[in-house]
Amino acid sequence: MWKVGYRKIVVGTDGSETSAIAEQAALNLARAFGAELVLLSAYEPPEVSREWAEQALARGVAAAGDRGVKATAEARAGEPAEAIMAAAEDHGADLIVVGNRGMGGARRFVLGGVPDRVSHYSPCDLLIVKTTSPDAGARPPGAYERILIATDGSPTADQAARRGADLAETVGGRITLVYVGDAAMGQIVLNHTAERLGQGDIATRVLQGDPSDRISALARDEGYDLVLVGNRGMAGARRYLLSAVPNKVSHEAHADVLIAKTVGRSITDLRPGEGAVVLLDGKQVAAYREETGEVHAVSARCTHLGCTVGWNDGAKTWDCPCHGSRYDHTGKVIQGPAERDLAPHQVSS
Ligand code: FES
């Protein structure tokens with residue numbers, strides 16, 4: 001099956017021992033995905049000089065070269081979180097990697113601030129590498145054997161789960177799906193998710209309680225290396241917690257945390273072969289980019305009763321979660337009860 005994969009990875013470094021762990025994770029992932037690496041160091045004189053930043057970068061580029069990974073380096077003036085997000089946008093990156101501490105150079109006062117800020121505004125997926133966990137150093141950074149994927153069964157959580165399954169396949173890891181909420185509903189959601197991922201024998205867990213607390217505790221108790229959550233979703237029974245979950249998990253889990261960007265994306269984010277519901281001209285638009293680069297954009301409102309469709313990456317279809325209508329990647333009905341195609345949406349070039 002065709003995989004989304006990562007093609008360009010931006011990693012923040014400040015030359016510290018902790019940021020070196022994040023750098024190694026990025027390097028190992030770049031190698032596994034055959035991705036290009038962009039090393040970014042931010043400087044703000046007089047506390048952090050450009051020379052300091054450039055020395056850190058030179059060491060990083062040399063290490064990447066030794067591992068056969070194509071890497072470029074960039075020193076940017078300014079605040080680290082802003083610098084790394086701007087670099088990700090400028091380079092069209094699909095993954096940012098930062099340590100949970102560091103990226104402050106000599107200015108340790110920004111500790112912890114960078115991952116928080118990037119997790120709110122990242123233009124792409126974000127991997128927060130735990131450089132301070134008691135387990136750091138127990139396995140090579142970025143070598144994930146056990147991956148916990150949180151889902152609430154929503155179309156966006158499905159996209160995140162697909163991203164996690166692709167990553168697991170690429171790095172040779174095993175995945176477990178977790179749902180926090182009603183037990184009976186949870187098992188149905190997880191069985192459907194496993195089916196859509198084409199992995200019927202996948203391990204599943206259904207838990208009750210606060211989603212971020214329970215996910216973090218499970219990750220610790222069962223020894224997962226990586227926890228994956230969508231940048232929205234995981235509402236379980238408590239929808240008001242919606243946006244807090246990814247951020248809380250990134251603080252509480254002892255494992256690395258991958259926050260998959262599934263909400264707030266734009267058409268330009270779409271990689272060839274990828275579909276997603278994006279916001280365009282204030283409307284939710286179902287957009288799919290062909291391998292040739294051509295984009296099909298249609299209304300994301302199901303023509304049956306108006307629910308929002310979600311992208312099914314396995315079948316390359318738009319599926320309605322409400323009553324099962326399905327549309328092909330151009331919005332043409334392939335399964336009812338809907339009878340009309342999704343309405344076309346004009347995309348200005
Ligand atoms: S609203 Fe989509 S199938 Fe009913």
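**Note on pockets, helix packing and backbone details**

1. The largest pocket holds about 400 Å³ of space, and it should be said at once that this is a value from a predicted model. The lining of this pocket comprises 18 residues, of which Asp158, Arg196, Asp319, Cys320 and Pro321 are the closest to the centre of the pocket.

2. As to where that lining comes from, H5, H6 and S14 each supply at least two residues to the largest pocket, and H6 gives the most, with 5 residues. By class, the lining of the largest pocket divides into 7 nonpolar, 7 polar and 4 charged residues.

3. Enclosed space should be considered separately from the pocket. The model has 4 cavities of 30 Å³ or more, and the second largest cavity has a volume of about 100 Å³. Lining the second largest cavity are Asp158, Gln159 and Arg162, together with Thr193, Arg196, Leu197, Trp311, Asn312, Asp313 and Gly314.

4. The elements that give two or more residues to the lining of the second largest cavity are H5, helix H6 (183-196) and strand S14 (310-312), and H5 gives the most, with 3 residues. The lining of this second largest cavity has 2 nonpolar, 4 polar and 4 charged residues. Readers inspecting the structure may wish to follow two residues in particular: Asp158 and Arg196 are among those that line the second largest cavity, and Asp158 and Arg196 are also among the residues closest to the centre of the largest pocket.

5. How do helices H1 and H5 lie with respect to each other? The axes of helix H1 (residues 17-33) and helix H5 (residues 155-171) come within 9 Å and cross at roughly 85°; angles of 65 to 115 degrees count as roughly perpendicular, and H1 and H5 are therefore roughly perpendicular to each other.

6. In the contact between these two helices, Leu29, Ala32 and Phe33 of H1 meet Leu167, Thr170 and Val171 of H5. The residues of this contact of H1 with H5 divide into 5 nonpolar and 1 polar, with no charged residue.

7. The model contains 3 aromatic pairs. In one of them, the rings of Tyr6 and Phe33 have their centres 5.1 Å apart and their planes at 70°, so the pair is edge-to-face. This pair links distant parts of the chain, with Tyr6 in the segment before strand S1 (8-12) and Phe33 in helix H1, 27 residues apart. Phe33 is also one of the H1 residues that meet H5.

8. Two backbone details deserve a look, given that most residues other than glycine have a negative phi, and most peptide bonds are trans. Lys316, in the loop between S14 and strand S15 (317-319), has a phi near 55°, which is a positive value in a residue other than glycine. A cis peptide bond joins Gly336 and Pro337, with omega at about 15°, and Pro337 is found in the segment after strand S17 (333-335).

Terms used
Residues are numbered from 1 along each chain as its sequence is written. This is a predicted model: local features need pLDDT of at least 70, side-chain atom pairs count only at pLDDT 80 or more; totals for chains, interfaces and linings use all residues. Side-chain values use heavy atoms; hydrogens and water are left out. Axes are lines fitted to C-alpha atoms, for helices over the stretch in contact, and angles run from 0 to 180 degrees between N-to-C directions. Helices (H or I, at least four residues) and strands (E, at least two) are DSSP runs, numbered from the N terminus. Angles under 35 degrees count as roughly parallel, over 145 as roughly antiparallel, 65 to 115 as roughly perpendicular and the rest as oblique. Contact means heavy atoms within 4.5 Å. Ala, Val, Leu, Ile, Met, Phe, Trp, Tyr, Cys and Pro count as nonpolar, Asp, Glu, Lys and Arg as charged, and the others, Gly among them, as polar. On a 1 Å grid over the protein atoms alone, a cavity is a set of points where a 1.4 Å probe fits but cannot get out, and a pocket is an open set with protein on both sides within 12 Å along at least five of seven lines; lining residues have an atom within 4 Å of a point. Grid points are joined across faces, edges and corners, and a volume is the space filled by probe spheres set on the points. Rings of Phe, Tyr and Trp (its six-membered ring) pair if their centres lie within 6.5 Å; planes under 30 degrees apart count as stacked, over 60 as edge-to-face and the rest as tilted.
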